[in-house]
Amino acid sequence: MSIYEEIKADHARHRELLDKIAATTGDSEERQTAWKEFFYDVKSHAAAEEETFYSPLMSKTWGQDSARHSVEEHAEMDDLMEELQEMDMSSSAWLTKFKQLKHDYEHHMEEEEEDIFSRAKEVIPDSELKGYGEKFRTRKEKELKLVDKKREDHLED
């Protein structure tokens with residue numbers, strides 16, 4: 001798959017998980033399972049995206065602002081996710097913060113797919129799209145293993 005197809009496939013799964021989490025209540029097993037998948041997948045997705053997708057955009061002056069903006073949004077969402085990770089899922093505060101994350105992340109995905117992709121198409125040649133997609137997937141899998149290790153260490157504490 002191309003880099004765009006890889007990212008869109010992840011986004012589709014992330015949208016499904018956000019909707020699933022929003023449809024759950026309290027500290028249910030269903031919410032916990034969907035949250036864990038979302039939390040760890042988004043973290044690995046963002047790291048892979050920054051390295052394999054945003055890096056080439058930063059090589060062009062006109063792409064730097066867009067790439068920086070998206071990386072900044074990644075950091076903001078990561079902070080929200082870390083806060084949610086430490087909160088009681090059954091609290092109204094968790095739900096309020098989750099709704100903020102859902103709104104922000106849906107906006108971010110839409111912005112990437114509608115604006116950033118068009119800019120990236122000026123930087124990433126069509127002949128290299130599949131290669132970038134493979135780099136993205138490989139980097140994401142590597143990052144997921146690191147995230148899994150962090151999760152295991154966290155569970156042991």
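User: How is the expected span of a helix worked out, and what span should helix H4 have?
Analyst: The expected span of a helix is 1.5 Å times one less than its number of residues. This is a predicted model, and its helix H4 covers residues 92-120, which is 29 residues. The end C-alpha atoms of H4 are 40 Å apart, which agrees with the expected value of 42 Å.

User: At which residue does H4 bend, and is that residue buried or exposed?
Analyst: H4 bends by about 40 degrees, and the bend is at Glu112. The buried residues of H4 include His108, Met109, Glu111 and Glu112. The residue at the bend, Glu112, is therefore buried.

User: How are the rings of Tyr4 and Phe117 arranged: stacked, edge-to-face or tilted?
Analyst: The structure holds 10 aromatic pairs. In the pair of Tyr4 and Phe117, the ring centres are 4.9 Å apart and the planes stand at 55 degrees. Planes under 30 degrees apart would count as stacked and over 60 as edge-to-face, so this pair is tilted.

User: How many residues apart in sequence are the parts that Tyr4 and Phe117 tie together?
Analyst: Both residues are buried. Tyr4 belongs to helix H1 (residues 3-23), whereas Phe117 belongs to helix H4. The pair therefore ties together parts whose separation in sequence is 113 residues.

User: Which residue has its charge over the face of Tyr4?
Analyst: The face of Tyr4 has a charged partner at 5.2 Å from the ring centre. A charge counts as over a ring if NZ of Lys or CZ of Arg is within 6 Å of the centre and within 35 degrees of the ring normal. The partner is Lys121.

User: What is the relative accessible area of Trp35, and what is that of Phe39?
Analyst: Trp35 and Phe39 both lie in helix H2 (residues 29-57), 4 residues apart, about one turn of the helix. An α-helix has 3.6 residues a turn, so residues three or four places apart point the same way. Buried means under 20%, and both residues qualify, Trp35 at 2% and Phe39 at 4%.

User: Which helix supplies the largest share of the largest nonpolar core?
Analyst: This core has 19 residues, and Trp35, Phe38 and Leu101 touch the most other members. H1, H2, helix H3 (61-86) and H4 each supply at least two residues. The largest share is 6 residues, and the helix that supplies it is H2.

Definitions and conventions:
Residues are numbered from 1 along each chain as its sequence is written. This is a predicted model: local features need pLDDT of at least 70, side-chain atom pairs count only at pLDDT 80 or more; totals for chains, interfaces and linings use all residues. Side-chain values use heavy atoms; hydrogens and water are left out. The bend at a residue is the angle between axes fitted to the seven residues ending there and the seven starting there. Buried means under 20% relative accessible area, exposed over 50%, partly exposed in between (1.4 Å probe, protein chains only). Rings of Phe, Tyr and Trp (its six-membered ring) pair if their centres lie within 6.5 Å; planes under 30 degrees apart count as stacked, over 60 as edge-to-face and the rest as tilted. A nonpolar core is a set of buried Ala, Val, Leu, Ile, Met, Phe, Trp, Tyr and Cys residues joined through side-chain atoms within 4.5 Å.
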